[in-house]
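User: I am a first-year student, and I should like a close look at a single part of this protein. Please describe one sheet and its surroundings in connected prose, and explain each term as it arises.

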Amino acid sequence: MSLRLRRLLAVTAAAAAAVSVTLPVTTAGAADRVTLDAAPAWTHAARAAGATPSTAPVRLTAVLPLRDADAAERLALAVSTPGDAQFGHYLTAAQWRNRFAPTDATVATVTSWLRAHRFTVTAVPANHRYVAFSGSAGAANAAFGTGLTNYVKDGARVTAPSKAVTVPAGLAASITGITGLDTSARMTPTHSTQGAAPDASGPPNPRPHAAAPDASGPPNPRPHASGPPDPRPKDELPPPGAVFRNAPPCSDFFGQKLVPNVPQPLATPLTYAPCGYIPDQLRSAYGLTASQSLGLDGRGASVAIVDAYASPTIFDDAATYARLNDSRHPLRASQFRQLLPATFTDTEACDAAGWYGEESLDVEAVHGTAPAASILYVGASSCNDVDIVAAVNSVVDNDLAQIISNSYGNAGEVSATDAAEEHQTYMQAAAQGITVLFSSGDAGDNIAATGTRQPDYPAADPFVTAVGGTSLGVGDRGQYLFETGWGNNRSVLTNGAWTPFPGTFRGGGGGGTSFVWDQPRYQLGVVPTAIANVNGNGPHRAVPDLALLGDPNTGYLVGQTQQFPDGTFRYSQYRIGGTSLSCPLLAGIQAVANQIARRPLGFLNPTVYQLAGSAAFKDIKSRAVTSGVVRVDYVNGADDTDGTITSLRTLNDTGTIFARPGYDDVTGVGTPNGAAYLAAVSRPPVPLSRRH
């Protein structure tokens, strides 16, 4: 597996052509400077809106190179691979820094140069991953030759370099790249309710949502929080946004309520969508009930959840949710804590309140599958890549948790510089025995989102476990009925007919094959060549690695405080999905596996692929579209004042990626098979080739 920087510097062009960018070389016409990164590919077709004013503030990071990156990669893989002599012999954060972190001298060289160019150095983490600094657009142009320009991208005004990013030749050995110059580089939550409004289709709409059944209490003029001390930042965040409710009828379990007097275009009779599965139903369907009855509930394990911003009512909401839907497993104040920044930024551009639903889903899903695990919520200061990456790095570099759940991502792969910065953190996590999970995305093959068939990033990083999405049928006794790849098309009931049919794409589990990353060793022999080399450029990293429930039409019930039409704030419950659900569900299951193993299990992929095809996973095999559910949605999202829309959502409409026997690019190696998965992953087998 080649994870070195030369592979990082291959980026995907918008037209699906891979554009190679080499290591720093002399820039034409500037013999004393070298190129770190090209201008973003999207700027070539974007509408420029003038030069960025020289006084405009910028917040940037200088990414520093590891010492002996090849040795760091080899070690991270060795401690993660069953059968290797170093398996499970993790480093501490201090040991990683001593062996691989950039030196103090490198940091001093970079910070001195930045200050000399009128920048203010704002942060350097203990592992010297980067130097954060701030200044003006004029200073950035002078220092990096970037020609910062304002553009209109996807309807938003952003800033990006119009020219290559360069530095003096003498500094090139000390800086891998500069991030933050492209302000369109923002993470998006991967959750979805797929409501009636057109803007709920495709990539998730990060607005807050709520839905019936309503478990609201007395109205509150403002949301409040209690429970454990809340380290509130100095800047007040916006209150929760408008309520969203799923309209009745809906089913308590899959297939409970058949839909009368409508066309039946599929092999399976249409039923009303589940109202939202609750923890007991998912624990039962995924074979976790017996284990948890024996006390295997995640106790002693720790899960960090990273998102942007912070819901002001998160503990009260999650505790209320557990009390109403999982009363045998309350969320205790001692189980939950938060790590928040001093201030938040870009709250309007990032729709800060829209992240509250993401946080609620993540916390409630982890607690649902690991009711006794400790949960640390880490809120980034914004949704900008540089801030979320810094939040993840803080968890890794301070050894704050055994597992990190990340339910967000960039639609499609990112620039070489951004990939290099994040990749180092994930490699360090593997070396330290920290499991890093990322949602694979909610836009399927990403063609609709980016124009190119490609996976999301960071899910595509080879040191990340990418979690895909499925549609799940749970029966009246909590039994597992079926599972398909998650991919929905939507048709509206119009004059007695489903129009159009089979409908328009409304979202699906992310997957595909990377243009950037070579095929990692652990996927060799498991991922079919037809997937690994689908781009025709040799075997590359395939996504996802495994999958769990993600379809919002067979989704999970969550609860949070929302703003009602009368202006008050109340707790209410609603069905939600997305690979934002898949990822924290796996984080909880993995916490239980850590408990069984009595140690952190670290980077999962080498173990997962060794177990491919075994009883540890349920193989999702069929690409046939044979079933669907019917939903009724309020037109205004809140009540029936403006009427309702009845729609059919097909299951397993996944486009150019699809389920098939063995590994596939929608569900990976399959879904965890309860006790068999827990036993296998906590006591991974030694490969035959490594047994003595």
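Analyst: **A three-stranded sheet and its setting**

Strand 5 and strand 9 run antiparallel and are joined by three bridges. Helices (H or I, at least four residues) and strands (E, at least two) are DSSP runs, numbered from the N terminus. Two strands pair if DSSP finds at least two bridges between them. The model is predicted, so local features need pLDDT of at least 70 and side-chain atom pairs count only at pLDDT 80 or more, while totals for chains, interfaces and linings use all residues. Residues are numbered from 1 along each chain as its sequence is written, and side-chain values use heavy atoms, with hydrogens and water left out.

Within this pairing, Ala 48 stands opposite Tyr 151 in strand 9. The open sheet consists of three strands in the order 5-9-10, with antiparallel pairing. Strand 5 (47-51) and strand 10 are the edge strands, each pairing on one side only. From one strand to the next, the twist averages 35°.

Between strand 9 (148-153) and strand 10 there is a loop, and Asp 154 is found in it. Asp 154 has a positive phi of about 55° although it is not a glycine. Most residues other than glycine have a negative phi. Asp 154 is also exposed, with a relative accessible area of 76%; exposed means over 50% relative accessible area, buried under 20%, and partly exposed in between (1.4 Å probe, protein chains only).

Strand 10 (residues 156-161) contains Thr 159. Thr 159 is buried, because its relative accessible area is 15%. The side chain of Thr 159 makes a polar contact with the side chain of Asn 150 at 3.1 Å. A polar contact is a pair of N or O atoms within 3.5 Å; within protein, one must be able to donate a hydrogen and the other to accept it, and residues adjacent in sequence count only if both atoms are side-chain atoms. When neighbours within four places in sequence are left aside, the residues in contact with Thr 159 (heavy atoms within 4.5 Å) include Thr 52, Leu 148, Thr 149 and Asn 150. Leu 181, Asp 182, Thr 183 and Ser 184 are also among them.

A second residue may be set beside Asp 154. Asp 399 has a positive phi of about 50° although it is not a glycine. Asp 399 lies in the loop between helix 10 (385-397) and strand 18 (403-406). Asp 399 counts as partly exposed because its relative accessibility is 38%.

The backbone elsewhere should also be noted. Most peptide bonds are trans. The peptide bond from Tyr 457 to Pro 458, however, is cis, with omega near 20°, and Pro 458 is found in the loop between helix 12 (447-450) and strand 21 (465-474). The bond from Phe 501 to Pro 502 is cis as well, with omega near 15°; Pro 502 lies in strand 24 (residues 497-508).

Finally, the sheet may be placed in the whole. The protein has 16 helices and 33 strands. Of its 692 residues, 62% are buried. Among contacts with a separation of 6 or more, 78% are between residues 24 or more positions apart.

Methods
Axes are lines fitted to C-alpha atoms, for helices over the stretch in contact, and angles run from 0 to 180 degrees between N-to-C directions.
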